[in-house]
There are 2 protein chains.
Amino acid sequence: MTKFSDNDVVTLAMGAGGRETGELLDGIIRPAIDNSVLAQGHDGARLTFPASGGSSQLAFTTDSYVITPRFFPGGSIGDLAVNGTVNDLAMTGAAARCLSLGLIIEEGLPLKELQQIMADIAAAAQKASVQIVTGDTKVVPAGRGDGIYINTAGIGEIITEGFTVGPEKISPGLDIILSGTVGDHQGTILALRHGIDAPELASDSQPLNGLMEEIIAKGSSGVRCLRDATRGGLAAVLNELASAAKVGIVLDSSSIPVSPAVSAICELLGSDPIAMANEGKCVVFTEPSVTEAVLTAMRGHEAGRDAAVIGRTTEKNPGLVAVSTELGALRLVEIPSGELVPRIC
Amino acid sequence: MTKFSDNDVVTLAMGAGGRETGELLDGIIRPAIDNSVLAQGHDGARLTFPASGGSSQLAFTTDSYVITPRFFPGGSIGDLAVNGTVNDLAMTGAAARCLSLGLIIEEGLPLKELQQIMADIAAAAQKASVQIVTGDTKVVPAGRGDGIYINTAGIGEIITEGFTVGPEKISPGLDIILSGTVGDHQGTILALRHGIDAPELASDSQPLNGLMEEIIAKGSSGVRCLRDATRGGLAAVLNELASAAKVGIVLDSSSIPVSPAVSAICELLGSDPIAMANEGKCVVFTEPSVTEAVLTAMRGHEAGRDAAVIGRTTEKNPGLVAVSTELGALRLVEIPSGELVPRIC
């Protein structure tokens, strides 16, 4: 574990979802509050109610959204705040039922912008069939925030009856399905920040709960784990899962869907699409016997049209992720580190 | 309803918990996301799981904490973030079971401070018998935050079997019990900010779930409503409840407990203790038949030692709150407005 020195401070890199984020979490944050539920290492906590021995299987998760700019092609901080949390629940195998909404607004935010963000929140909530049931609003002085930061927490009902999905269910010999093109969200934000005119780019901000329900319906207990590829992209989530499950992962680079527009911006900026953040894409670990059925079901769903098998888990090289290049060689996929792209969500 | 103009912006006053906060919520935020659960107007949402018709009665709530300074006599932003949310659940008649933790950290925060805040969170969670089960950490650039902002959301199990507590249960003819001295939290923060040396002042930051369980055990369905007096103090919460329940409220000023230190700082700064924020005090609306039993139980609990009956609800003057002065006259208690004290929690 990283040893921090007495004079260390929090850096931007610690919030970017890569290696330094892991070091902060493992070194400072998790040790203080550790418990068995937190240790599940899942996108959301699985809980049973009543705690005295009940039958309601719920999932609970939270995320804060600090993206800049607040509005971008394909979405805004408002719909991101709904979709991101709905998706974390979905990845736990839970259908989102309700969200909380915590707003931290900087003094001076135009009310018209706030109104637009609230409308985006409402529209996203309706699309994902979830209600905002409780909330809180704080205002901080000008210069102590950046327009608006949003936290949502969500409660969902677990729909996997008799089985669970999660990192602990990953074993060697599974297929890995990706739900669609990678890099659309980060590509869009990067183009905006660099003033690059790329009209065909749009964030993929979208709810994945409907897609998840299809996946579970068709794959049942053959579905072992779901994970959305947000901050740090495929590279970060696959490394995290390989490490947690102690399996190796081998990807086939030619099967990973990337749009021409994202390819172009990646070439321009020297970025790697598989390390770029998405806001509506997930990986699914399946037993080979259900892979075809799950894939077909995903392709029939709006959020999974471009789904593809992109790799598999192996016994060899536990904890490592490799990708086959076009020349047939294997290249190690590292956990992204450094500042990546701060405030991408 | 307040009409906002096209060029209006969010002001600090809109976040201070007084009149302007209500205008922002009613004018912009609630209309966008309205639904029947949100409309309960409670400190937390009451939910039933499974949604298909289940037996788990849960409460769900959220709060963000932006207090400055981060450390103060009697507590820190860390324990406040636990106690505040535990207390909102308690006021809904729910025993807190688990919390989410969303950290928005400003680049440059010393890791030692973060470590102390995490330790305070852990200690407060242990004292309140609640687990942090899921979390998220974001880092914003220097100058776009203020050290750390914390959001917690909480799930609790409702312990009032066969009855509910809430604003809708308030009627004329009830007693109003206050759990202890008012103004300690805000008095402490004000003294710090003004550089006033007042060693006997300390925030009352504390969990109220244990006290709530005593109150419900002794008062049962004779307990009609609980509410903690946070931002805007007694003045804000009693006005809100009088207005929601369409009853009048008359307080006896001589029975409202105020510590000598808080009295002194209020005189110095021209503040009114009943409009000052608390972080571990609540009001309880009781049927007269259970008032004595509830009061005795409260006084036997650490968090209710100084509990006192401070007033009653009336049919007269619905929506208004009045306080009897020492000369016997009645003075109207208005909803605090203006900037009050920004970032008090």
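This short presentation covers the symmetry, the helix packing between chains and the sheets of a predicted two-chain model.

A word on conventions. In this predicted model local features need pLDDT of at least 70 and side-chain atom pairs count only at pLDDT 80 or more, while totals for chains, interfaces and linings use all residues. Residues are numbered from 1 along each chain as its sequence is written, chains are lettered from A and ligands numbered from 1 in the order in which they are written, and side-chain values use heavy atoms, with hydrogens and water left out.

I begin with the symmetry. Chain B is superposed on chain A by a rotation of 180° with 0.0 Å of shift along the axis, at an RMSD of 0.0 Å; the superposition is by least squares on the C-alpha atoms of residues with pLDDT of at least 70 in both copies. The two copies are thus related as by a two-fold rotation axis. Within chain B, the residue closest to that axis is B:Gly145, with its C-alpha at 2.3 Å. Of the interface residues of chain B, 100% are also interface residues in chain A, so the copies meet through the same surface.

Next, the helices that pack between the chains. Helices (H or I, at least four residues) and strands (E, at least two) are DSSP runs, numbered from the N terminus. The axes of helix H3 of chain A, residues 111-127, and helix H1 of chain B, residues 19-33, come within 7 Å and cross at roughly 25°. Axes here are lines fitted to C-alpha atoms, for helices over the stretch in contact, and angles run from 0 to 180 degrees between N-to-C directions. H3(A) and H1(B) are therefore roughly parallel to each other, a term for angles under 35 degrees, with over 145 counted as roughly antiparallel, 65 to 115 as roughly perpendicular and the rest as oblique. On the side of H3(A), the contact (heavy atoms within 4.5 Å) is made by A:Leu111, A:Leu114, A:Gln115, A:Met118, A:Ile121 and A:Ala122. H1(B) contributes B:Leu24, B:Ile28, B:Ile29, B:Ala32 and B:Ile33. These residues divide into 10 nonpolar, 1 polar and no charged; Ala, Val, Leu, Ile, Met, Phe, Trp, Tyr, Cys and Pro count as nonpolar, Asp, Glu, Lys and Arg as charged, and the others, Gly among them, as polar.

The axes of H1(A) and H3(B) likewise come within 7 Å and cross at roughly 25°.

I turn to the sheet of chain A. Seven strands form an open, mixed sheet in the order S9-S11-S8-S12-S10-S13-S14, where pairing requires at least two DSSP bridges between two strands. S9 (223-228) and S14 (330-332) of chain A stand at the edges with a single partner strand each, so one side of each is left without a neighbour in the sheet. The twist averages 25° from one strand to the next. S8(A) and S11(A) pair in the antiparallel sense over 4 bridges, with A:Ile177 opposite A:Val284. Helix H8 of chain A, residues 288-299, packs on the sheet, touching S8, S9, S11 and S12, and its direction makes about 5° with that of S8(A).

Finally, chain B. In its sheet, 4 bridges join the parallel strands S10(B) and S13(B), and B:Asp252 stands opposite B:Ser324. Helix H2 of chain B, residues 77-91, lies across S9 and S11 of chain B, running at about 165° to S9(B).
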